Amino acid sequence: MSQRTFSIIKPDAVKKGHAGAILAEIEKAGFKIVSIKKVSISKAQAEGFYYVHSERPFFGELTEFMSSGPIFPMVLEKENAIADLRKLMGATDPAKAEEGTIRKQFAASIGENAIHGSDAEETAAFEIGYFFAGYELK
Ligand code: ATP
Ligand code: MG
């Protein structure tokens, strides 16, 4: 059964001009792009999105980074989308990411790691709703 997940092309990848190449990888892997847009978010909006990490030592750095420039939030669909996107992204730390993964190819560090992907059904639902209204998800 087809499943939806949420992803963000992060500010580092947008700045470096890697958004198109990352989207090509995503489409090549069989994902349908249900919705996508280019936005800039405030630090407060980044804090709301990453609230689960609010007690982590890197929370300030993370939310500063995510509000540092334009991003491409998107909703993706395919069978097993959540787990398959995580696999395609590679490990959080690009030094540990497998060959061929998006983070291996495009990420510079654990902080500036090119792409976000939901890690479970409940987080996907929250994250899609955080960035997209129902009418944008046909
Ligand atoms: P994401 O949620 O962005 O898809 P992830 O699920 O692989 O990444 P998380 O543990 O959810 O990793 O961490 C969220 C984000 O916080 C990471 O993508 C990374 O940008 C940042 N982060 C995680 N650990 C560190 C760290 N030790 N130092 C700096 N930033 C970190
Ligand atoms: Mg995560």
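Colleague: A polar contact here is a pair of N or O atoms within 3.5 Å; within protein, one must be able to donate a hydrogen and the other to accept it, and residues adjacent in sequence count only if both atoms are side-chain atoms. So how far is a polar side-chain atom of Lys-10 from an oxygen atom of ligand 1?

Modeller: The distance is 2.9 Å. Bear in mind that this is a predicted model, where local features need pLDDT of at least 70 and side-chain atom pairs 80 or more, while totals for chains, interfaces and linings use all residues. Residues are numbered from 1 along each chain as its sequence is written, chains are lettered from A and ligands numbered from 1 in written order, and side-chain values use heavy atoms, leaving out hydrogens and water.

Colleague: What about Tyr-50 and ligand 1?

Modeller: Tyr-50 also has a polar side-chain atom 2.9 Å from a ligand oxygen. With Gly-117 the backbone does it: an N or O atom there sits 3.1 Å from an oxygen of ligand 1. Overall, the protein covers 82% of the 570 Å² of accessible area that ligand 1 has on its own (Shrake-Rupley, 1.4 Å probe).

Colleague: Which residues come nearest to ligand 1?

Modeller: Lys-10, Tyr-50, Arg-86, Thr-92 and Asn-113, out of 15 around the ligand (a heavy atom within 4 Å).

Colleague: And which elements each supply at least two residues of that shell?

Modeller: α4 (59-66), α5 (81-89) and β4 (115-117). Those are DSSP runs numbered from the N terminus: H or I for helices, at least four residues, and E for strands, at least two.

Colleague: Switching to the sheet: why is β3 largely enclosed by the rest of the structure?

Modeller: Because seven of its eight residues, 72-79, are buried, meaning under 20% relative accessible area (1.4 Å probe, protein chains only). β1 is mostly covered as well, with six of eight buried.

Colleague: In which sense do β1 and β3 pair, and over how many bridges?

Modeller: Antiparallel, with eight bridges between β3 and β1, residues 2-9; DSSP must find at least two for strands to count as paired. Gln-3 is matched with Lys-78, and Ile-8 stands opposite Pro-73.

Colleague: How many bridges does β2 make with β3?

Modeller: Four, again antiparallel, from β2 at residues 32-36. One pair there is Ile-36 with Met-74.

Colleague: Back to β4, how many bridges join it to β1?

Modeller: Three, and the two strands run antiparallel. Ile-8 has His-116 as its bridge partner in β4, besides facing Pro-73 in β3. So β1 is paired with β3 and with β4, and β4 also contributes to the shell around ligand 1.

Methods. Buried means under 20% relative accessible area, exposed over 50%, partly exposed in between (1.4 Å probe, protein chains only).
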